[in-house]
Amino acid sequence: MDDLKGCRTFDEWALDEMRSDREFAIEVLKVTLESMAKPDEIPTALLSLRSLAEACGGVGSVATATGLSREALYRSLSENGNPTIRTLFSVLDALGLRLSVVPAKQDSSADLANDGPSSVESRVA
C-alpha cells in the first residue's frame, strides 16, 4: 500500500470531479437514471445517486432539502434501497436538476405528435 501513497481511489476522484464540474455531474446522473431501466443495475445506480448527493453538499444537506431524514435518504439510496418516485424527484430538485424524457429512438417518426417537441420535461412541484 505504501507504493500508492498520495493516490486517490476512483470514488474519491469521481466525488472531486462531480464537485468541481457540474456538467460531469449531470452526465453521471444521466447515465445513472438510464441504467435504472435495467433491474440488475438498480443497486449500482442508487449508490451512484448517493455519491452525487455526497458531491453536491452531502447527504445530510440533500436530506434536509428533501424533507427526509439523513438515515431515510441513506436507506433509499443504498444497494437495497427502493426509493419512491417522489424521493427521486425530491433529490433531483434539491440538486437543482429535473428529469427530462426523450424518445427511446432518435427517429423523427417516434415523436409523440410527429411534429411536436422531441423532449418532454417534467418537474415535481
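## T87 and its neighbours

Leaving aside its neighbours within four places in sequence, T87 is in contact with L68, L73 and S76 (contact means heavy atoms within 4.5 Å). The place of T87 is in helix 6 (helices are DSSP runs of H or I, at least four residues, and strands are runs of E, at least two, all numbered from the N terminus). Is T87 buried or exposed? T87 is buried, with a relative accessible area of 9%. Buried here means under 20% relative accessible area, exposed means over 50%, and partly exposed lies in between, using a 1.4 Å probe and protein chains only.

This is a predicted model, in which local features need pLDDT of at least 70, side-chain atom pairs count only at pLDDT 80 or more, and totals for chains, interfaces and linings use all residues. Residues are numbered from 1 along each chain as its sequence is written, and side-chain values use heavy atoms, with hydrogens and water left out.

## The chain as a whole

The chain has 6 helices and 2 strands. From the N terminus on, the elements run α-α-α-α-α-α-β-β. The chain holds 125 residues, and 28% of them are buried.

Some contacts span long stretches of sequence. Take the contacts with a separation of 6 or more: 45% of them link residues 24 or more positions apart.

## L73 in helix 5

One of the residues that T87 contacts is L73. L73 is found in helix 5, which covers residues 70–76. How much accessible area does L73 keep? Its relative accessible area is 0%, so L73 is buried.

Not counting residues up to four places away in sequence, L73 touches V59, V62, A63, L68, T87 and V91. L73 and R50 are 23 residues apart in sequence. In space, their C-alpha atoms are 8.5 Å apart.

## The nonpolar core

In soluble globular proteins, nonpolar side chains tend to be buried together. In this chain, the largest nonpolar core has 23 residues. Such a core is a set of buried Ala, Val, Leu, Ile, Met, Phe, Trp, Tyr and Cys residues joined through side-chain atoms within 4.5 Å. Which residues have the most contacts inside it? They are M18, L49, L52 and L73.

Five helices each supply at least two residues of this core: helix 1 (10–20), helix 2 (22–35), helix 3 (42–55), helix 4 and helix 6. Helix 3 gives the most, with 6 residues. L52 is in contact with M18, A25, L29 and L95, leaving aside its neighbours within four places in sequence.

## Helix 1 against helix 2

Two packed helices are described by the angle between their axes and the distance between the axes. Helix 1 and helix 2 pack at an angle of about 115°, with their axes 5 Å apart. Axes are lines fitted to C-alpha atoms, for helices over the stretch in contact, and angles run from 0 to 180 degrees between N-to-C directions.

Helix 1 brings W13, A14, E17, M18 and S20 to the contact, and helix 2 brings R22, F24, A25 and V28. These residues divide into 6 nonpolar, 1 polar and 2 charged (Ala, Val, Leu, Ile, Met, Phe, Trp, Tyr, Cys and Pro count as nonpolar, Asp, Glu, Lys and Arg as charged, and the others, Gly among them, as polar).

## Helix 2 against helix 3

Helix 2 and helix 3 pack at an angle of about 155°, and their axes are 9 Å apart. That makes helix 2 roughly antiparallel to helix 3 (under 35 degrees is roughly parallel, over 145 roughly antiparallel, 65 to 115 roughly perpendicular and the rest oblique). The crossing of helix 2 and helix 3 is left-handed (the near helix is turned anticlockwise from the far one by less than a right angle; clockwise is right-handed).

The contact is made by A25, V28, L29, T32 and S35 of helix 2 and A45, S48, L49 and L52 of helix 3. By class, the contact of helix 2 with helix 3 has 6 nonpolar, 3 polar and no charged residues. S35 is buried, with a relative accessible area of 11%. S35 touches E41 and A45, not counting residues up to four places away in sequence.

## Helix 4 against helix 6

Helix 4 (residues 59–66) and helix 6 (residues 85–94) pack at an angle of about 110°, with their axes 9 Å apart. Helix 4 is therefore roughly perpendicular to helix 6. The crossing of helix 4 and helix 6 is right-handed.

V62, A65 and T66 of helix 4 meet S90, V91 and A94 of helix 6 in this contact. By class, the contact of helix 4 with helix 6 has 4 nonpolar, 2 polar and no charged residues.
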